[in-house]
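Thank you for asking me to look over this structure with you. My remarks are set out as numbered points, so that you can follow each one with the model open beside the text.

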Amino acid sequence: MDKSQVEKLVIIGSGPAGLTAAIYAARGSLNPLVISGREAGGQLVLTTDVDDYPGFEDGIQGPELMDKMRKQAERFGTRFINEDVVSVNLKVRPFEIKTESMILNSNSLILATGASAMWLNLASEQRLRGKGVSACAVCDGFFFKDKNVIVVGGGDTAMREAAYLAKLCKTVTVVHRRDQLRAQAALQQLVKSKQNVNFIWNTIVEEILGQDKQSLSQSDKVTGVKLKNTQSGEISQMDIDGVFIAIGHKPNTDFLTGQVELDEKGYVVVHDETRSSIEGVFVAGDVSDYKYRQAVTAAGAGCKAALDVEEYLENLK
Ligand code: NAP
């Protein structure tokens, strides 16, 4: 890559938002360069069956969907750098983007770095992720139809997850570390009105228990949780089929601090659909969206951002 070259458009992130932006920008002759990050493909590569992305009547595996999107972007000439962005300087024109091994210059930028679910950071949680441990009820809830699950957390996300799962699962138990929910009243009410939802207060998950696979055709699976009461210290065990961690998401914006307007949680503040506080810097997907967080909404946002970049560069001429 020629360092002195000024790119028309650099897209940071390669989840549905970044790749859809790339497809539209490439077809619009913007010759986009995607910095895909070390976790290329975003959160979808961490999930298995995706049954709610339109166009795949039998569902599709998350990694396969992202692979298809990437190939589609490549088909129209999108170039990729498989590195993380270390820092950006949005105070200069063209913008400066520093990756692990190079410095790039670009006339426009789309931020599509997404958000990452926060985890409890238990070794057993890591081992059983995708095998009964999930951070997305909409993605994985269906696999727990008529089963017993717990949701960990007491905020809006936890209530949304519990409400969604209550429609599918036999029982949903919300395990919260305090005796009061943080979630908005309406969501609390919604969840508390469900017959099959229970609450366990002042309790944290100490360990997720799993059964090792018995044969090659099986995989490891969650069988229960070890719980600790934060008041009494008492340890108990509970049989369960699935564990949904809903303790918040963290937008991947550390590298943007001081460069672009972020809200108190670190999400990029968006004006007029796709625009950040810096002219020429556009935004798409979960990096600015704490509410919908779906692959299809991120893809739609990526499309909008690319179309707005096209208009922006046209006016820049
Ligand atoms: P949040 O409001 O920060 O809540 C996180 C919850 O997880 C809290 O109840 C917290 O407990 C608990 N928690 C955090 N770390 C934990 C740990 N290590 N172990 C156990 N529990 C832990 O996060 P969120 O619910 O994802 O919401 C984030 C933002 O998105 C909020 O502004 C929210 O309003 C918004 N949101 C809105 C909607 C909507 O439908 N409008 C839906 C989802 C999210 P404590 O209460 O003790 O701190």
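The points below go from the domains to the strands, then to the cysteines, the ligand and a few single residues.

1. Please keep in mind throughout that this is a predicted model. The domain assignment divides the protein into domain 1, made of residues 6-116 together with 249-316, and domain 2, which covers residues 119-245. When you turn the model to see both parts, it may help to know that the C-alpha centres of domain 1 and domain 2 lie 31 Å apart.

2. A good place to begin inside the fold is strand β17, which is formed by residues 242-245. Gly-242 and Phe-244 lie on one side of this strand, Val-243 and Ile-245 lie on the other, and all of these residues are buried, with the result that both faces of β17 are covered. For a student it is useful to recall that in a regular strand the side chains alternate between the two faces of the sheet.

3. Which strands pair with β17, and in what sense? Strand β10, residues 133-134, is joined to β17 by two bridges in the parallel sense, and in this pairing Val-133 stands opposite Val-243. Strand β11, residues 148-152, also runs parallel to β17, and here there are four bridges, with Val-149 having Gly-242 as its bridge partner.

4. An antiparallel pairing can be studied in strands β6, residues 85-89, and β7, residues 95-99, which are joined by four bridges. Val-88 in this pair stands opposite Ile-97 of β7. The two strands form a hairpin, with five residues between β6 and β7. Pro-94 belongs to the loop between these strands, and the peptide bond that joins Arg-93 and Pro-94 is cis, with omega at about -10 degrees.

5. The cysteines deserve a careful look, and the count here comes to one disulfide. The bond joins Cys-136 to Cys-139, with a distance of 2.1 Å from S to S, and the link is right-handed, with 75 degrees about the S-S bond. Cys-139 counts as partly exposed because its relative accessibility is 25%, a value that lies between the limits of 20% for buried and 50% for exposed.

6. Why does Cys-169 not form a bond with Cys-136? The cysteine sulfur closest to that of Cys-169 is the one in Cys-136, and because the distance is 13 Å, the two are too far apart for a bond, given that a disulfide needs sulfur atoms within 2.5 Å. Cys-169 is also buried, since its relative accessibility is 6%. Cys-303, at 17% relative accessibility, counts as buried as well.

7. Around the ligand there are 16 residues, of which Asp-156, Thr-157, Arg-160, Arg-178 and Arg-182 come nearest. A ligand oxygen atom lies 2.6 Å from an N or O atom in the side chain of Arg-182, while a ligand oxygen atom is found 3.3 Å from a polar backbone atom of Gly-155. A nitrogen atom of the ligand, in turn, is 3.5 Å from an N or O atom in the side chain of Gln-184. Taken alone, the ligand exposes 910 Å², and the protein buries 80% of that area.

8. The loop between β18 (249-251) and β19 (281-283) contains Lys-265, which is exposed because its relative accessible area is 61%. Lys-265 and Lys-228 are 37 residues apart along the chain, and their C-alpha atoms are separated by 29 Å. Glu-273 is also placed in the loop between β18 and β19, and at 55% relative accessibility Glu-273 counts as exposed.

9. My last point concerns backbone angles, since Glu-273 has a phi near 75 degrees, which is a positive value in a residue other than glycine. Asn-31 likewise has a positive phi, near 45 degrees, without being glycine. The place of Asn-31 is the loop between α1 (16-27) and β2 (33-35). Is Asn-31 buried, partly exposed or exposed? With a relative accessible area of 39%, Asn-31 is partly exposed.

How values were computed:
Residues are numbered from 1 along each chain as its sequence is written. This is a predicted model: local features need pLDDT of at least 70, side-chain atom pairs count only at pLDDT 80 or more; totals for chains, interfaces and linings use all residues. Side-chain values use heavy atoms; hydrogens and water are left out. Buried means under 20% relative accessible area, exposed over 50%, partly exposed in between (1.4 Å probe, protein chains only). Two strands pair if DSSP finds at least two bridges between them. Domain bounds come from an automatic or database domain assignment. A residue is near a molecule or strand if one of its heavy atoms lies within 4 Å of it. A polar contact is a pair of N or O atoms within 3.5 Å; within protein, one must be able to donate a hydrogen and the other to accept it, and residues adjacent in sequence count only if both atoms are side-chain atoms. Accessible areas come from the Shrake-Rupley method with a 1.4 Å probe; for residues, only the protein chains shown count as cover.
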